[in-house]
Amino acid sequence: MRLVFLGPPGAGKGTQARELAREWGVPHLATGDMLREAAATGSRLGLEARRYMDQGALVPDDVIVGLMRERLARPDAARGFIVDGFPRTIAQAEALAQLLKDHGQQLDVVIYFDVSEGELLRRLTGRRVCRACQTAYHLVFAPPTRPGVCDKCGGELYQREDDGEKPVRIRLDVYARQTSPLLDYYRQRGLLATVAGEGSIDVIRQAIRQTAGG
Ligand code: ADP
Ligand code: ADP
Ligand code: ZN
C-alpha cells in the first residue's frame, strides 16, 4: 500500500494519516513533521528549513527530495507507506516517481482531500499540536480531554508559528500556485481519487478506507 495524501494546509491529512498508518501497519511519512523534528533538535537542515516554514514558504525541492530519498530507503518503508505533505511541487512529484522506480515500486493511489477555503481557515487558526508527538488537535472541532495537554502522550500543546493569520494566507496561496497543479498531474496518470474532506473525522476516515481498498 503506497499512498499519497494530497490537499491544502489544514485539510486533515495528518489527522487521518496518523490513525490509518497505525491501522495498516505502515509508516506515516510527513515531511512537515520531519522538518519540525529536525528544527527541534537544532540540526543545520532543520534550522535552515525553519526560516522558510515560519514564513509559510516551501522549503527548496532538493532539500525535501534528499530527506525523502533517505526516508524511503529505510527498511520499514519497503512494504508500503502513507506520504503526507509531499509532493508539493511538480518537480517533487517527478522526483518521487523516480525514487520509487529505483526501488522497483510505484504509487497505488493519491487521495485528494477536498475542503473549502473557509473551513481551512477555521481549522488552521484553531489548530494546536503536541510538541512531543505532533498529534493535531483543534480548540473547537477536536479538543484534547485536558486543555493544553496531549491525550496520546501527555505532551504540551502549542500553536505552530505558521498557523498565524499571515503565514496561513501565504500558505494557501503557495498551495494554489505550486501544489494544486498536482491534481491534474495525478489525474492524467490515473492515480487521483477525491475524498470529501468536510464532516466528521470518522466518516472521512471510512471514505478513505474504501478509496484505498483497505
Ligand atoms: P500543513 O499540514 O499545515 O499543510 P506541513 O506540516 O505539511 O503543513 O508543512 C509545514 C511546512 O513545512 C510547509 O509550509 C513548508 O514550509 C514545509 N514543507 C513541508 N513539506 C514540504 C514539501 N514537500 N516541500 C516543501 N516544503 C515543505
Ligand atoms: P493537515 O495535515 O492537512 O494540515 P490536520 O490533520 O493537521 O491537517 O488538521 C488541521 C486541523 O483541523 C487540526 O486542528 C485538526 O484537529 C482539525 N481537523 C482535522 N480533521 C477535521 C475534520 N474532519 N473536521 C474538523 N476539524 C478537523
Ligand atoms: Zn503527544
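**A parallel sheet, two nonpolar cores and a zinc site**

Gln 92 counts as buried, because its relative accessibility is 2%, below the 20% cut-off. The model described here is predicted. Gln 92 belongs to helix H5, which spans residues 90–102. Beyond its neighbours within four places in sequence, Gln 92 is in contact with Asp 61, Ile 64 and Val 65. Phe 86 and Pro 87 complete the list of these contacts.

The sheet was examined next. Five strands make up an open sheet, ordered S2-S3-S1-S4-S8. Pairing within the sheet is parallel. Strands S2 and S8 (192–196) stand at the edges. Each has a single partner strand, so one side of each is left without a neighbour in the sheet. On average, neighbouring strands of this sheet are turned by 25° against each other, direction ignored. In general, the strands of a sheet pair through backbone hydrogen bonds, in either a parallel or an antiparallel sense.

Strand S2 covers residues 28–30. S2 pairs with S3 over 3 bridges, in the parallel sense. Within this pair, His 28 has Ile 82 of S3 as its bridge partner. Strand S3 covers residues 81–84, and its side chains alternate in direction. Phe 81 and Val 83 point one way, whereas Ile 82 and Asp 84 point the other way. All four are buried. Helix H2 (residues 31–40) lies across S2 and S3. The helix runs at about 70° to S2.

Strand S1 (residues 2–6) is joined to S3 by 4 bridges, and the two run parallel. Arg 2 stands opposite Phe 81 of S3. S1 is also joined to strand S4 (residues 109–114), again in parallel, by 4 bridges. Two of the partnerships between S1 and S4 can be named. Leu 3 has Val 109 as its bridge partner in S4, and Val 4 has Val 110.

S4 is mostly covered, with 5 of its 6 residues buried. S4 connects to S8 through 5 bridges, and these strands run parallel. Asp 114 finds its bridge partner in Ala 196 of S8.

Nonpolar packing was considered next. In soluble globular proteins, nonpolar side chains tend to be buried together. The largest nonpolar core of this model has 32 residues. Leu 72, Leu 107 and Tyr 186 have the most contacts inside this core. Both strands and helices contribute. The strands S1, S3 and S4 each supply at least two residues. So does each of the helices H2, H3 (44–55), H4 (61–73), H5 and H8 (181–188).

Another core lies apart from the largest one and has 22 residues. Phe 5, Ala 11, Leu 120 and Leu 124 are among them.

Tyr 186 and Leu 120 illustrate the surroundings in the two cores. With neighbours up to four places away in sequence set aside, Tyr 186 is in contact with Leu 6, Pro 87, Ala 93 and Leu 96. Tyr 186 is also in contact with Leu 107, Val 110, Leu 191 and Leu 192.

Leu 120 is found in helix H6 (residues 117–125). Leu 120 counts as buried because its relative accessibility is 4%, under the 20% cut-off. Not counting residues up to four places away in sequence, Leu 120 touches Pro 8, Pro 9, Gly 10 and Ala 11. Leu 120 also touches Val 115 and Leu 172. The C-alpha atoms of Leu 120 and Leu 58 are separated by 18 Å, with these positions 62 residues apart along the chain.

The zinc ion (ligand 3) has four cysteine donors from the protein. The SG atoms of Cys 130, Cys 133, Cys 150 and Cys 153 lie 2.3 to 2.4 Å from the ion. Angles among the 4 donor atoms are 97 to 116°, and the site is tetrahedral. The donor residues follow the spacing C-x2-C-x16-C-x2-C in sequence. Cys 130 lies in strand S5 (residues 127–130). Cys 150 lies in the loop between strand S6 (136–138) and strand S7 (157–158). The pair therefore ties together parts that are 20 residues apart in sequence. Cys 130, at 1% relative accessibility, counts as buried. Cys 150 also counts as buried, at 3% relative accessibility.

Conventions:
Residues numbered from 1 in each chain as written. Chains lettered and ligands numbered in written order. Predicted model: local features only at pLDDT ≥ 70, side-chain atom pairs only at ≥ 80, totals over all residues. Heavy atoms only, no water. Buried < 20%, exposed > 50% of the residue type's maximum accessible area, 1.4 Å probe, protein only. Pairing = 2+ DSSP bridges. Contact = heavy atoms within 4.5 Å. Axes fitted to C-alpha atoms, helices over the stretch in contact; angles between N-to-C directions. Core = buried A, V, L, I, M, F, W, Y, C linked by side-chain atoms within 4.5 Å. Donors = N, O, S within 2.8 Å, 3.2 Å for Na, K, Ca; no water. Tetrahedral: all angles 85-135°; square planar, octahedral: opposite > 155°, others 65-115°.
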